Structure formats: structure tokens, C-alpha cells
Amino acid sequence: MDVPHPRPVPAGLSRRTLIKRGLLGGALLAAGGAGFLALRGGAKVALPPDGLLVFSPAQFAVLDAVSRRLVRPQPGWPTVDEVGVARAADRIAARVEPSAQKELRQLLGLFENGLAGFLLGGRTRPFTRLEGPEQDAVLADWRDSRLAVLRTGYAALRTLVVAGYYQSPSIWPAVGYAGPPGIFQDGPSLPEWRGGDAPRPDGNGVWHGEALP
Amino acid sequence: MSKAGRILTGRDHRVATTIHCDVVVVGSGAGGSVLAERLTARGLEVVMLEEGGYWTRRSFDGREDHSYPRLYQEMGNRATDDQSVLILQGRNVGGGTTVNWCTSFRTPRTVLDHWREQHGVKGLTEEALVPHWEAIEKRLHIAEWPLDRMNANNQVLWDGCGKLGYSRGLVRRNVNNCANLGYCGLGCPLDAKMSMGVTLIPDAVERGMTVQANASVRRLLVGNRRVGGVEAELLDPETDRPTGVTLTVTAKTVAVCGGAINSPALLLRSGLDGNGNVGKRFFLHPVVVMSALMPEPVAPWSGAPQAAYSHHFIERGPGKLGFLLEVPPVMPLIAATVFPGFGEEHQRLMEQLPFTQTSIAICRDGLLPEDSGGTVALRDPAERRVSIDYPLRPFHFEAFREACKVMARIQFAAGAREVRSLHSRPVRIQRQADIDAALDSAPWEAGRVRVATAHQMGGCAMGADPRTSVVDSTLRYHGMENLFVVDGSVFPTSLGVNPQETIFGIARWASQFVAAATG
């Protein structure tokens, strides 16, 4: 595998200018959305039948590609298609703050973008058009970058995709986990006290002793 | 005499509503609940507002994918702005007490002494706190967890410390009829955990307190030296988005109890910056982790999460952060996000989860003179997220590195086959003799090693001097007659022990001042 050598930090892209509030600095994010190399098409993937809530088809394709590097086909492991990892990531993102959703969309654009890839790692093709080992090298580049902002982006992207896969109970057997104990199944039949006229049900939390000083 | 109050959710008001009471308590965690219970015991009329939802064992299902979004801040994904520190923090009726691991320590005397000597805190002595600790320990059944019920995950720390001659102790837990399941972090299905949601909150509701869940307090109604109440937006219990309905609560006294991140943020949104001190001196007991592959099954999700601890390294001399050693429960989803790597390497680590022991070192920040901690600040006003900055400095990394070495030694002493750091490129060590070299050469830098926190403290530091603190020694905001902050945000430093019992004790002690201000 040909791992690109880390490139020197481009002039002006110091940590101070890059790290602002939020996931990524504004200057770098601008590169995520523009640039002629970005116009080269990324890979197209089948979209979920029930649509996307947060991400565009192109952003969805990046999540899908990353998920296939995160989880390799293995006996006993559900595939990323069976779990629907990129769709699950979209659903997770649907619950976060709108401002955080915007940052995630920018992050995926930057990650995919050939121009940003060229500035930061020497590649010009979109991430989704790279071969698997090349994609692994890009991920490793971000992970090990001397730019803190790329390490931040790697952490955010990885967390989203990991959560998209491992949220599924279908992965429990693969990691040797039997799931929650059966006692949890009693939950729906239990009372829920909301005060008012109903008496508080007795239970472990009710104090039967004398009033405490 | 007075009839019971109600526990309401975001769906229970369809139109803008204003209610009046003696004391409005913003936040329902360890601080707000203890305070509210004491105030109702004095006959005061209390309204408690909580941004998170009302979840009980009726809805707890032990699933990580459901529990983190329901019960934790930002769905369990809260982090510093640069993502270098993962922040686990509760957000629900009961706050952190619904999801914490039940560990209960009294405040170390050395910390109380430090607060008095270095921060001018008056009256908050061990003698003043003991009666409150005794009462709360009785009410919450706080007792040492027996050694013969310790799970395998804790046993590694216990045995390893024993073999190496490190001091060790048994954790005291707030549980009643605990079945040793291990799901404390996802909500107890037996109500065996003596969380606020099953103890002091319903106690106060029985005396007439109203609890409003899904109420996001956006600002305090600040007047001249007094606060008139608070204004909240109601959130939809399902989507967590604003419903458009506002709730205004006017009160004789306002108690802000949102914890070390949300309390400073509320003060800042209300234009109260405490001479620039609000949001400063923010501490979080930064945690580093070592995992170990053991020869026998560990099942780190099973059994009381925390049963053993070691304070052997809590005092390490000038210029160094001390650390407390404990273990965390580990379930698949959280493990997958914090275990490093990609592809097959990551999958191998995950397959070994049943045989994986995990230890944590909780670093005591804020006691060194040069340690001013992090900062909680507002972002753009349109944003609901706050900005959380916690710069990792050389003294942090020195403590992280040495703590990882200590944990590795303990794990090997207890029989580990391999130990691993949580660097983004994991350091894997097979032999005791390789520990120092492997960890000395690892990259100790933000974003290259997983750092986490489950303890958030400071941001509204108490102290004598309004130029350097936010609240006085009665937890009253400097310069305001009827505004109090009652939660972990008032700590001038971190503690070096899990904070819940300190928050209980301080809140119970401070309830006298809040009551006196209410008249």
C-alpha cells in the first residue's frame, strides 16, 4: 500500500488560523464546498428507499464508502448493507443541532473534495473514486495529520460511521454480547408516576424511615 | 396538608403559560434535586425545570442506541470544540444521577482545605458537611459494595493493586436491593439505583413540587440586583425540538442547577458574566484509558460498574496532576467509538470485547497554581450548543502517560496478555518490560489519544472575591440578592473523587441560604 508522505503544512494554514469554534475552521471549510476539482463526480450509490434526512446523495456516498473501510466483510459479522450504516448515520445526524448538521455536511464535502485532497494529501480524485487501500491511506492521513483540525475531522467522521454500524443489535453476536438482561422487558408493564391525585407506587426509592434532619 | 404536585412534559402546555412560586430550580440533577427536596421540607413552593425528558424504568430498555439520545447531553456525543475530550453528561429528570455509576465519596478534606486557603471559601468545612452527608447516605442507602460481589472488570484493578502494593479501596454505592446487573449507565431497570428521579424528586413532588421536563431555560429575568424568574422554551418530548410554547416562571428566588456546562451558559445568555469569571475555571477530571486482553472472560458490561478504586497516585508532588484509578463499564457501542482503528484491526479489538478489561485514570485538575482549566462560552446566539474549550497542557500529558504506565502494570500484574492504549494508532504492549519504552514514545497530543470525562465541575467558582469568583460562600451570585448557583459548577477546583456526593452535600448545606433569601 502506498501511503502518501505527510505534506508540509501549507503557508497560512497554521493551527491558529484553522481552529476556530466548531468542528473545522472556516477557511478550510470553504475549500470543502468549492474548487473546480470538486466538480469531478464522486461515486453514485443506491439511496435508502425512505430518503435522506440530513445529507445529500454525494455526502451519503462518502459515508457509505467510509463505512466499507471501517467494517470489512467477515464471517459472523453483518455487512454494512445489512445494517444500513450510512442511512443510520443520516438518522443519527438528524437528531443533532442544525448547526452541527451543517458542520458534518461541510466535513463530508471536504473529505470527498479533490482540491482539498490535493492541498492536504496530494490526491486529486474524490474520496469515493479511490480504491479501498487508497481510501485507508486517506483516513490514516487525517488521523495522523499534523493539522489538529484534520484529526478533529477524522474523529467526528469516524464516530458518526462507527455509531451507524454499532448501534445495531444485529452486531451483538459478532462482539460476544448477549444483549440486555430479560428484566428490561418488564418495563412497559410498570406504572409511571406523574404526581397529582394518584398515590406514589411503593418501591426501592421510597423512604420508610423517620424524617431526616 | 398540601397535595402532591405534578411531573409534566413538553406536551402538557399548548399555549404560553406563566406560573408563580417561591423558588424556581433550573436543573434536576444531584444539586437541584437535593436543594428542591430540602426547600419543600421547609414548606416552600418549588418549581423544577429540566431540559431533558422524563424517563423511568418503564422506558429503560438497556439499549445503548436508545439510552444515549434519551438520557445524555448531545446524545452522548458532547465533546470539546476540537473533539479531543469526549464529555459524558446526563440530561434527563434526575440528571447525571440517572446514568452515573453510583460511586459515592465524601469530599476529601484536603480539597475543602484548599478551597478555604486558596479561594477564600468560608464555612464549608468537613464539620459543616458531615450531618448532611450522614442524612443523604441514609436516605440513598450509600454503603460499601461487598468484595464478594465485585465483577471481573473491577477484580483486575483490585488484584493488580494488591500484587503491586498500591493502596486500594472498595467503592461505596447509592443502591437499594441492587441485583448487580451493570446497566447503571443506561438507567436502572429495578429502581435499585438511588437516583434523584426515584428518591428526592418524588419526595418533593409528594410535598407539592411541580416538575416540568422538556423545558429549556433560555434566560433569567434579570433586574436590578434581583432576578424575577426564568423564561423557558418547551421541547417536544419525541423530537427534542422547540414546540414554540414558552413557559415563564416568576419566583422569589432562582436557583441555577444545570451543571458545570449549562449553568455558566445560562448565566452568560442572561448577560451575567461575573466580571468575566463565568465559564472560567472549568474542570473535568480528564480521563485516560488502558484496555487489556485477559485470559478469562471479563464481560465488562456485567456487574456493578465501579467496585474498586485506588488513590495511591492522588498526590504526586508539585507540578503534577494526581490521579484516581477506577474502571468503567464497557458496552459495545461506546467501546466501538473509543477503541481505535479501522477495518480488521478494529474488528479484532471488538471481537475480544468479552475478554477485555478496561481501566481509567481520573486526573485531578485545578489544584496546581498554574492550572486554570478550560472555558465554557457561548457560540453564535442562534446556536443552542455551547462552546467548550479545554486546552490539554504538558502537565496533563505527563499525568496521562504516567497513569497509562501504572494501569498497564496493574493489568499485567493481574494476568493481562496484552495491554493497549487508546491512541488513534493504538500502542499495543505484550510484555511488562516494554511498558515504559512503548508509552514514552507514543504521541501525547490532543486528538491523538482518547481523553474523556464523566465529571464536569467549575465554571461558576465560589470564592470570597468577586473579582475572581462567581458565587460567594453561600452560593449566591455576587451582587445579586436572590440568585443562587447550586451544582458542581461552584467547585473552585476538581476533587479527585467522583463528584456526586460532594454535590449532594453542598446542595443540602446551601439549602439553608436559599431558604433564608426566600423569606
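# Reading a predicted two-chain model

Modeller: Let's start with a loop: B:Gln83 lies between H2 and strand S4 (85–87) of chain B. Keep in mind as we go that this is a predicted model.

Colleague: Fine. What is the phi of B:Gln83?

Modeller: General idea first: most residues other than glycine have a negative phi. B:Gln83 goes the other way, with a positive phi of about 65°, although it is not a glycine.

Colleague: And is B:Gln83 buried or exposed?

Modeller: Count the neighbours. The cut-off for buried is 20 or more other C-beta atoms within 10 Å. B:Gln83 has 21 C-beta neighbours inside 10 Å, so it counts as buried.

Colleague: Which loop holds B:Ala299, and what is its phi?

Modeller: B:Ala299 sits in the loop between strand S13 (287–293) and strand S14 (308–309) of chain B. Its phi is near 45°, again a positive value in a residue other than glycine. With 18 other C-beta atoms within 10 Å, B:Ala299 is partly exposed.

Colleague: Next, helix faces. Which residues of helix H4 of chain B are buried?

Modeller: In H4(B), residues 109–119, the buried ones are B:Val111, B:Leu112, B:Trp115 and B:His119. Look down the axis of H4(B): those buried residues fall within an arc of 105°, so they line one face of the helix. The face turned away from that buried side carries the exposed residues B:Arg109 and B:Glu117.

Colleague: What do the buried residues of H4(B) pack against?

Modeller: They pack against H5 of chain B. And have a look at what follows H4(B): B:Gly120, with a positive phi near 70°.

Colleague: How do I describe two helices that pack together?

Modeller: Two packed helices are described by the angle between their axes and the distance between the axes. Try chain A: H3(A), residues 57–70, and H6(A), residues 98–112, pack at an angle of about 70° with their axes 9 Å apart. H3(A) and H6(A) are therefore roughly perpendicular to each other.

Colleague: Which residues make that contact between H3(A) and H6(A)?

Modeller: From H3(A), A:Ala58, A:Gln59, A:Val62 and A:Leu63; from H6(A), A:Arg105, A:Leu108, A:Gly109, A:Phe111 and A:Glu112. By class, the contact has five nonpolar, two polar and two charged residues.

Colleague: How far apart are the end C-alpha atoms of H6(A)?

Modeller: They are 21 Å apart, and at 1.5 Å a residue its 15 residues should span 21 Å, which agrees. The buried residues of H6(A) include A:Leu104, A:Leu107, A:Leu110 and A:Phe111.

Colleague: What angle do H6 and H11 of chain B make?

Modeller: About 95°, with axes 8 Å apart, for H6(B) (residues 152–164) and H11(B) (residues 394–413). H6(B) and H11(B) are therefore roughly perpendicular to each other. On the H6(B) side you'll find B:Val156, B:Leu157, B:Gly160, B:Cys161, B:Lys163 and B:Leu164, which meet B:Arg409, B:Ile410, B:Gln411 and B:Ala413 in H11(B). That contact divides into six nonpolar, two polar and two charged residues.

Colleague: Zooming out, how many helices and strands does chain A have?

Modeller: Nine helices and zero strands. Of the 213 residues in chain A, buried ones make up 39%. Take the contacts in chain A with a separation of 6 or more: residues 24 or more positions apart account for 69% of them.

Colleague: Back to chain B for a strand residue. Where is B:Glu231 found?

Modeller: In strand S10 (residues 227–235) of chain B. B:Glu231 has 17 C-beta neighbours inside 10 Å, so it counts as partly exposed. Leaving aside neighbours within four places in sequence, it is in contact with B:Arg218, B:Arg219, B:Leu221, B:Thr246 and B:Thr248. For a sense of scale, its C-alpha atom is separated by 46 Å from that of B:Pro146, 85 residues apart along the chain.

Colleague: Last one, the interface. How many residues does each chain put into the contact?

Modeller: The size of an interface is often given as the accessible area lost when the parts come together. Here we have residue counts: 63 residues from chain B and 53 residues from chain A. On chain B, H2 (64–71), H5 (126–139), H7 (200–206), H9 (332–338) and H10 (343–351) each supply at least two residues to the side that touches chain A. H10(B) gives the most, with six residues. By class, that side of chain B divides into 25 nonpolar, 16 polar and 22 charged residues.

Note on methods: Residues are numbered from 1 along each chain as its sequence is written. Chains are lettered from A and ligands numbered from 1 in the order in which they are written. This is a predicted model: local features need pLDDT of at least 70, side-chain atom pairs count only at pLDDT 80 or more; totals for chains, interfaces and linings use all residues. Two residues are in contact if their C-beta atoms, placed from the backbone, lie within 7 Å. Helices (H or I, at least four residues) and strands (E, at least two) are DSSP runs, numbered from the N terminus. Ala, Val, Leu, Ile, Met, Phe, Trp, Tyr, Cys and Pro count as nonpolar, Asp, Glu, Lys and Arg as charged, and the others, Gly among them, as polar. A residue is buried if 20 or more other C-beta atoms lie within 10 Å of its own, exposed if 12 or fewer, and partly exposed in between; C-beta atoms are placed from the backbone. The arc is that of the directions from the helix axis to the C-beta atoms. Axes are lines fitted to C-alpha atoms, for helices over the stretch in contact, and angles run from 0 to 180 degrees between N-to-C directions. Angles under 35 degrees count as roughly parallel, over 145 as roughly antiparallel, 65 to 115 as roughly perpendicular and the rest as oblique. The expected span of a helix is 1.5 Å times one less than its number of residues.
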